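Me: I am new to this structure and would be grateful for a close look at a single part of it. Please concentrate on the place where the two chains meet, and then set that place within its surroundings.

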Amino acid sequence: MEAAEHGLADRRFAGIDIGASRTKVVLLDDRKQMLGNAVRKTGTDFGETADRCLDDALGAAGCDRRSIKAAVATGYGRKNVAFITETAKTEISCHARGCYQLFPEAMTIIDIGGQDNKIIKLDAAGRRISFKMNRKCAAGTGAFLEEMALRLDLPLERLDGLAREAAGIVELGSFCTVFSATEVLGHIRQGRAVPDIVKGLFLSVIKRVLEMDSLVGSVVMTGGVVAHNPFLVDMAREMIDNPVRTPEHPQLTGALGAALFALDAASHTEPDT
Amino acid sequence: MAEDKTPPRLKSAAEMGRIMAEYFKELDAAAKDGSRKIAWCTSVGPAELLQALGFLVYYPENHGAMLGATRMATDMIPAANAIGYSPDICSYLTADIGSYLNKKTPLTKAFGMAGPPKPDVLVFNTNQCRDVQDWFAWYAREFDAPLLGVYTHRNIGDIEPHQVGDIARQIENLVEPLEEIAGRKLDMADLRRAVGLSRQCSDLWKAVLDTAAHKPSPITFFDGTIHMGPAVCLRGTEAAVDYYQKALLPELEERMANDVAAVPGERFRLYWDGMPIWGRLRDHSKMFADLRTNVLSSTYCNSWIFTALDPDDPFGGMAKAYTELFIVRSDAAKEAYIQRMLDFFKVDGVIYHDAKTCPNNSNCRYGMPQRLETATGIPSLTINGDLNDLRLVSDEQNKTNVEAFVEQLEEGR
């Protein structure tokens, strides 16, 4: 049943994903169209960042808070934004919901975030079969790339371009981010080309993720690390037999899922008009 | 008014506290005045034989768990690491030895004891793991006390007579050196009595845990980890039998009769495999209760059920009981066991705890969760952590994992 039949037209539905690294907001209309979105560095005050990020998204959508019919929070800070919404879902469920909306088929979602990775498997009906998060170690996450960029004295945003320039690849052997940094320093000392080292870092990220779980169906890659380093997706395509897709906004699928849950909840509670 | 999700407390806890205090008081007094010999024993070691020879029995693993539950362990472990006991080995061992080195123990606050009672003998059974042998060996050197042991069989499928016979002989071979230390001869009537009481305790403990099959369950796994104290430390005594028979079991039966749920509004029923995370018992109890989900049964608590104990065949019965233990069985036998448990307790999902320092009791490392999911269709979640070393526990990761798992169960309904 269309949401509009429940009198939800002109109402907005907010998904707020307060991640360890970045906060993301997506605003949807009753037809599940994205009207606005925003991303901010999360920082230390989850509530304030979410508040501002919501304002950014509302500004982009050209509407105000009164138009928000329902909101759902997700991510590490999901319980810290009670002034916006007390409804929270884990990022596992929200990524699953967001990705299935975009690719309605059986899939394995690979989400590479700032401080954790997730592998989520969905069946053809969108039901979650299983999920896994990385273990305690942050190897293979955005934090790994941040640390390596620091060691290489490179701005994060240059990594993708450098990896594309690589003529070869320097493979890293260690699980540990700190030991990897030592390896990288050794390669620099040996005069290896920086682009080859950066490509090796990307390979390390993909290997850490692929060893977490097996893959079923098509692979959908999401997360801020994928959004800012699309070369990762190109490399994954070469390594994975399954078809690999990525959404238009890989960083926003969690917030999108949260907004869809908000719309679902409003659809269930709105009286017929 | 918001629904109260706080799990109701079991009233029997006060009585359990009393008998455990009596147990430690007796140990402390004997250590001070030398009136009774003290034996240190592994948690599934030949405790009944020691009791029959008049020893008071002290269990270092219980002390390890106390160090964990009081969250002292993480501060004690580094002292053991520094003398060569790796942070990767059993954190009961490292916490306990660290506690000794630091001269700090939860026994002081709980029972006014300066430390564990000095042993006259240490007796292990490697059925728990090889670490117990190294653990006891350290104290044997420290106290210059005799060290005796039973060496288990491992990866056991069906129990074979030769395995039981071998363990029975090993236990019988302990008698002579133990008699010498005890200064008295073994009276078989005393051994039969201790084994009989231990069997009664075991049967009652099983009845306690089986109440979790009721919907809603009157007990949680977290309750079980606390109320197993007498089954571990006082089996073979009348105090343990009385506690379960007269206090805990009747209280749980009353809850069942009145449909009183240990987790109010119980929606999902989970099984826990592996060690508890001792320093997070209360947090986990609340976290699951908030999700109206009851972790109601576990391999861990059920590992102190010894139905093979037989007063008419004390050595054979002990050998069989301590050999059919889950922890020494093959993966196929373990999987068959867990399947029976999931069926009996009407379980919706399984949580495997991958405890970093306890490979012997982390059953998720060789594909078991995947095989059991395929066989039963019951979903599972593996969480990473540790029994005692909280440096290895990520609360945020665990919380998100558990909430996401419950959301998955909701979607499946």
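Reply: The account below begins with the interface of the two chains and then turns to the domains and to selected side-chain pairs.

The model is a predicted one, and the values that follow are computed from it.

At the interface, 19 residues of chain A are in contact with 20 residues of chain B. Together the two chains bury about 1700 Å² between them, and carbon and sulfur atoms account for 42% of that area. On the side of chain A, the residues that lose the most area to chain B are A:Arg128, A:Phe131 and A:Lys136. Taken together, these three make up 35% of what that side buries.

The count of salt bridges between chain A and chain B is 3. One pair that forms a salt bridge is A:Arg78 with B:Glu403, whose closest N and O atoms are 2.9 Å apart. In general, side chains of opposite charge can pair when their charged atoms come close. A:Arg78 and B:Glu403 also belong to a network of salt bridges. The other residues linked in that network are A:Lys79, A:Glu91 and B:Lys399.

Polar contacts are found at the interface as well: the rule gives 9 residue pairs across chain A and chain B, with both residues of each pair at pLDDT 80 or more. Two elements of chain A give two or more residues to the side that touches chain B, namely helix H2 (91-102) and strand E7 (128-133). E7(A) gives the most to this side, with 6 residues. By class, the residues of chain A that touch chain B divide into 6 nonpolar, 4 polar and 9 charged.

The next matter is how chain A itself is divided. Domain 1 of chain A covers 3-94 + 252-269, and domain 2 covers 104-246. The C-alpha centres of these two domains of chain A lie 27 Å apart. Where the domains meet, 7 residues of domain 1 of chain A are in contact with 10 residues of domain 2 of chain A. Domain 1 and domain 2 of chain A bury about 690 Å² between them, and 61% of this area lies on carbon and sulfur atoms.

Across this interface of domain 1 and domain 2 of chain A, the rule finds 0 salt bridges. It does find 2 residue pairs in polar contact there, both residues being at pLDDT 80 or more. H2(A) gives the most to the side of domain 1 of chain A that touches domain 2 of chain A, with 3 residues. That side of domain 1 of chain A has 3 nonpolar, 3 polar and 1 charged residues. Helix H2 of chain A thus has a place in both descriptions: it is among the elements that give two or more residues to the side touching chain B, and it gives the most to the side of domain 1 that touches domain 2.

One residue of chain A may be examined singly. A:Thr108 is found in strand E5 of chain A, which spans residues 107-112. Its relative accessibility is 0%, so A:Thr108 counts as buried. Leaving aside residues up to four places away in sequence, A:Thr108 touches A:Ile119, A:Ile120 and A:Lys121. It also touches A:Ser214, A:Leu215, A:Val216, A:Ser218, A:Val219 and A:Val220.

Finally, charged pairs within the individual chains complete the picture. Over all chains, the structure holds 45 salt bridges. In chain A, A:Arg40 forms a salt bridge with A:Asp56, with the closest N and O atoms 2.7 Å apart. A:Arg40 lies in strand E3 (residues 34-41) of chain A and A:Asp56 in helix H1 (residues 46-61) of chain A, so this pair ties together parts that are 16 residues apart in sequence. A:Arg40 is partly exposed, at a relative accessible area of 29%, and A:Asp56 is likewise partly exposed, at 33% relative accessibility.

Also in chain A, the side chains of A:Asp123 and A:Arg127 meet in a salt bridge at 3.2 Å, N to O. A:Arg127 counts as partly exposed, with 47% relative accessibility. In chain B, the side chains of B:Arg36 and B:Glu26 meet in a salt bridge at 3.6 Å, N to O. B:Arg36 lies in the loop between helix H1 (13-33) and strand E1 (38-41) of chain B, while B:Glu26 lies in helix H1 of chain B, so the pair ties together parts that are 10 residues apart in sequence. B:Arg36 counts as partly exposed at 33% relative accessibility, as does B:Glu26 at 41%.

Definitions and conventions
Residues are numbered from 1 along each chain as its sequence is written. Chains are lettered from A and ligands numbered from 1 in the order in which they are written. This is a predicted model: local features need pLDDT of at least 70, side-chain atom pairs count only at pLDDT 80 or more; totals for chains, interfaces and linings use all residues. Side-chain values use heavy atoms; hydrogens and water are left out. Contact means heavy atoms within 4.5 Å. Buried area is the accessible area (1.4 Å probe) that two parts lose on being put together, summed over both. A salt bridge is a side-chain nitrogen of Lys or Arg within 4 Å of a carboxyl oxygen of Asp or Glu. A polar contact is a pair of N or O atoms within 3.5 Å; within protein, one must be able to donate a hydrogen and the other to accept it, and residues adjacent in sequence count only if both atoms are side-chain atoms. Helices (H or I, at least four residues) and strands (E, at least two) are DSSP runs, numbered from the N terminus. Ala, Val, Leu, Ile, Met, Phe, Trp, Tyr, Cys and Pro count as nonpolar, Asp, Glu, Lys and Arg as charged, and the others, Gly among them, as polar. Buried means under 20% relative accessible area, exposed over 50%, partly exposed in between (1.4 Å probe, protein chains only). Domain bounds come from an automatic or database domain assignment.
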